[in-house]
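User: Please take a close look at the sheets in this model. I would like to know how the strands are ordered and what packs around them.

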Amino acid sequence: MFTQNLDFKTTDLTTFPFPFTSGNYRYSNDLKKLQNINCVEITPEYELMIRAKRRLLEEQPDVRFQSFPHTQEMQWEVLEMLVDMAVSRYPQHFEVVKDGSDWTFKNNILAEQDSFVFGDSSTLELEPLDYIGRHFHNDFVLMVQRDDNYYLEVGQVSYAALFSAHWNKGMSFNEIHGPVPFVSRKGDQLADRVRQFLHSIEAGEPWTRINWNLMANRWDVNYETMDVWAPERSLITAENAGELVRLRVEEQKFYRMPRSNAILFVLNTQFLPMEDLKLRQEWFDLTYSVLQDIPEPMAEYKGIAPYLPQTVEYLRREDEKIKANQESEA
Ligand code: HEM
């Protein structure tokens, strides 16, 4: 079993990757060049998220981390990239001493220090990506390129929407996206086009996109625990949706790894309760508009169909109150 206390939400709205730019949302190839290529980010919730992530990894180790044995060298490459990014962006929080292959990595926020021989997995208690991933609040997936496709060969996933390292291990890009009702505004089937686009990603020039979902009273749903969370969705009402339904946003980053040629997929997942949308009127208005206009296959696929009407009703009632206030002030 695993715990899902809602022990954090995004508090610094300036870093919340609000997903909507217009009042209706459809799937599209919405990848953009990433501006700040360093994916290490310390948010006010860093320690809470790390604690929750490590707890989940301990409670469901096989669900949350998976790898193939031949990926050790690729994992060391990821470890090196993340260590270097952490130290260059936050030298006060992270330090590394490299004496040839003898490395010592220090995390000053968590007061932790580890020494290991770079490239020798027997000197770490965990696999390299599983070890280094526990220092950052992100999820990490390594997609290895073979032939014309990408295959999920390593994953550390703790904040998932219908996704797990265990469920998706070994799947190709197309297999992973098989369940997505991937029809764009123009009616195109997108999966092949997006996969072709991934081929053009070059080392040192990562890309980014934003994905979103709603979560009913939890931050994470995967197929392995569907028996637990699926029935709980019916507990959402227009009265409690403001507190219990959260806008869950994934800032996704895609890096071409120069040595292995794999694509590292990094996810920064943030959560904002519906009631906090009122802190930014524009966010409230866009979300209310988008949620009223979700095509049914998208709502079914995202797993939000059972509580979407209650959530929209909550937003409608709040909208009425906001408008009544504005009128009485005018
Ligand atoms: C290469 C790394 C990628 C990985 C590992 C990945 C993984 C996933 C997974 C596991 C899902 C959930 C599938 C399920 O329901 O079983 C998903 C959904 C989706 N993916 Fe990807 N993806 C990747 C890249 C992309 C890119 C580049 C796009 C660009 C358009 C994209 C667009 C989507 C969309 C639109 C969904 C549906 C999400 C929703 O509506 O909530 N993915 N992806």
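Analyst: What follows goes through the two sheets, then the ligand shell, then one helix.

The model is predicted. Residue numbers count from 1 along the chain as its sequence is written.

Start with the three-stranded sheet. It is open, and its order is 3-4-5. The pairing is antiparallel. Strand 3 and strand 5 are the edge strands, and each pairs on one side only. From one strand to the next, the twist averages 10 degrees.

Now the pairs within that sheet. Strand 3 covers residues 94-99, and strand 4 covers residues 102-107. Six bridges join these two strands, which run antiparallel. Two facing positions help to fix the register by eye. Phe-94 stands opposite Asn-107 in strand 4. Val-97 stands opposite Thr-104 in strand 4. The hairpin of strand 3 and strand 4 has two residues between the strands. In this hairpin, Gly-100 takes a positive phi near 65 degrees.

Next comes strand 5, residues 112-117. Strand 4 and strand 5 also pair in the antiparallel sense, over six bridges. Trp-103 has Phe-116 in strand 5 as its bridge partner. Four residues lie between the strands in the hairpin of strand 4 and strand 5. There, Ala-111 takes a positive phi near 55 degrees.

Turn to the seven-stranded sheet. This sheet is open too, with the order 1-8-9-10-6-7-2 and antiparallel pairing. Strand 1 (32-33) and strand 2 (65-67) stand at its edges. Each has a single partner strand, so one side of each is left without a neighbour in the sheet. Further in, strand 8 and strand 9 pair in the antiparallel sense over ten bridges. Trp-212 stands opposite Val-249 in strand 9.

Which helix should you follow across the strands? Helix 3, residues 72-89, lies across strand 3 and strand 4. Helix 3 runs at about 125 degrees to strand 3. Helix 3 also lies across strand 2, strand 6, strand 7 and strand 10. Its angle to strand 6 is about 130 degrees.

Then the ligand. Its surroundings comprise 25 residues. The closest are Leu-162, Phe-163, Pro-179, Val-180 and Phe-265. By class, the shell has 17 nonpolar, five polar and three charged residues. Several strands of the seven-stranded order return here. Strand 6 (139-146), strand 7 (149-156), strand 8 (207-216) and strand 10 (263-273) are among the elements that each supply at least two residues of the shell. Helix 6 (173-176) and helix 7 (191-199) do so as well. Strand 8 gives the most, with three residues.

Last, helix 10. Its buried residues pack against strand 9 (245-256) and helix 12 (308-329). Leu-286, Thr-287, Tyr-288 and Leu-291 are buried in helix 10. The length of this helix can be checked too. Helix 10 has twelve residues, 281-292, which should span 16 Å at 1.5 Å a residue. The end C-alpha atoms are 17 Å apart, which agrees.

Notes. This is a predicted model: local features need pLDDT of at least 70, side-chain atom pairs count only at pLDDT 80 or more; totals for chains, interfaces and linings use all residues. The expected span of a helix is 1.5 Å times one less than its number of residues. A residue is buried if 20 or more other C-beta atoms lie within 10 Å of its own, exposed if 12 or fewer, and partly exposed in between; C-beta atoms are placed from the backbone. Two residues are in contact if their C-beta atoms, placed from the backbone, lie within 7 Å. A residue is near a molecule or strand if its C-beta atom, placed from the backbone, lies within 6 Å of it. Ala, Val, Leu, Ile, Met, Phe, Trp, Tyr, Cys and Pro count as nonpolar, Asp, Glu, Lys and Arg as charged, and the others, Gly among them, as polar. Two strands pair if DSSP finds at least two bridges between them. Axes are lines fitted to C-alpha atoms, for helices over the stretch in contact, and angles run from 0 to 180 degrees between N-to-C directions.
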